[in-house]
Amino acid sequence: RDETVELQSGRVLDRKQLYVESIRYNPDHNDLTYCSLADELAAGETVQLHDGRVLDRKHLFVETIRCDPKDIYRHRRLFDELRGSETVRWYDGRVLDRRQLYVEAIH
């Protein structure tokens, strides 16, 4: 997993950095990339996007859902990330718990 690639510009990027670059150029239609980046992060790890936001796994899954709200698989991935009474800030600003996320997924 420590593989890197050198771009024509000479920059050397690892997998996480490549995903961040992809999101930089297409932030609103990159649900698969947000999901893949989430999969690269360890529990508790965060990543900073070019727009300055610092996101953890949960919030990357929120971004995947924002890009494709009808994809039930992404809702499930986020649901599985939440523990107990933990909540997550939804892409429209609401704060959702597991039950509310489930309701959101079936609508």
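**Reading helix 4 and the core**

Author: Let's start where helix 4 starts: a side-chain oxygen of Asp 71 comes within 3.0 Å of the backbone nitrogen of Tyr 73. A polar contact here is a pair of N or O atoms within 3.5 Å, one able to donate a hydrogen and the other to accept it; residues adjacent in sequence count only if both atoms are side-chain atoms. Helices (H or I, at least four residues) and strands (E, at least two) are DSSP runs, numbered from the N terminus. This is a predicted model, with local features needing pLDDT of at least 70 and side-chain atom pairs pLDDT 80 or more, while totals for chains, interfaces and linings use all residues. Residues are numbered from 1 along each chain as its sequence is written, and side-chain values use heavy atoms, leaving out hydrogens and water.

Reader: Which residues of helix 4 are buried?

Author: Buried is under 20% relative accessible area, exposed is over 50%, and partly exposed is in between (1.4 Å probe, protein chains only). Helix 4 runs over residues 72-81, and its buried residues are Arg 74, His 75, Arg 77, Leu 78 and Glu 81. Looking down the axis of helix 4, these fall within an arc of 160 degrees, so they line one face of the helix. That arc is taken from the directions from the helix axis to the C-beta atoms. On the other side of helix 4, Ile 72 and Arg 76 are exposed.

Reader: What covers the buried residues of helix 4?

Author: Contact means heavy atoms within 4.5 Å. The cover for helix 4 includes helix 2 (31-40), helix 3 (57-67), strand 5 (88-89) and helix 5 (98-106).

Reader: Arg 74 lies in helix 4. What does Arg 74 touch?

Author: Skipping residues up to four places away in sequence, Arg 74 touches Asp 31, Leu 32, Cys 35, Thr 64 and Ile 65. Arg 74 counts as buried, at 8% relative accessibility.

Reader: And Glu 21, in helix 1: buried or exposed?

Author: Buried, as the relative accessibility of Glu 21 is 9%. Beyond residues up to four places away in sequence, Glu 21 touches Arg 11, Leu 13 and His 50.

Reader: How many residues has the largest nonpolar core?

Author: A nonpolar core is a set of buried Ala, Val, Leu, Ile, Met, Phe, Trp, Tyr and Cys residues joined through side-chain atoms within 4.5 Å. The largest one has 21 residues, and those with the most contacts inside this core are Tyr 34, Leu 37, Val 47, Leu 49, Leu 60, Leu 78 and Trp 90. Helix 1 (15-25), helix 2 and helix 3 each give this core at least two residues. Helix 3 has the largest share, with 5 residues.

Reader: Let's zoom in on two of the names. What is the relative accessible area of Trp 90, and which residues does Leu 60 touch?

Author: Trp 90 has just 3%, which makes it buried. Tyr 91, in contrast, is partly exposed at 35%. Leu 60 touches Tyr 34, Leu 37, Ala 38, Leu 41, Val 47 and Leu 55, again not counting residues up to four places away in sequence.

Reader: Where is the place of Leu 41?

Author: In the loop between helix 2 and strand 3 (47-48). Loop or not, Leu 41 is buried, with a relative accessible area of 4%. Its contacts, on the usual sequence cut of more than four places, are Lys 16, Thr 46, Val 47, Leu 55, Asp 56, Arg 57 and Leu 60.
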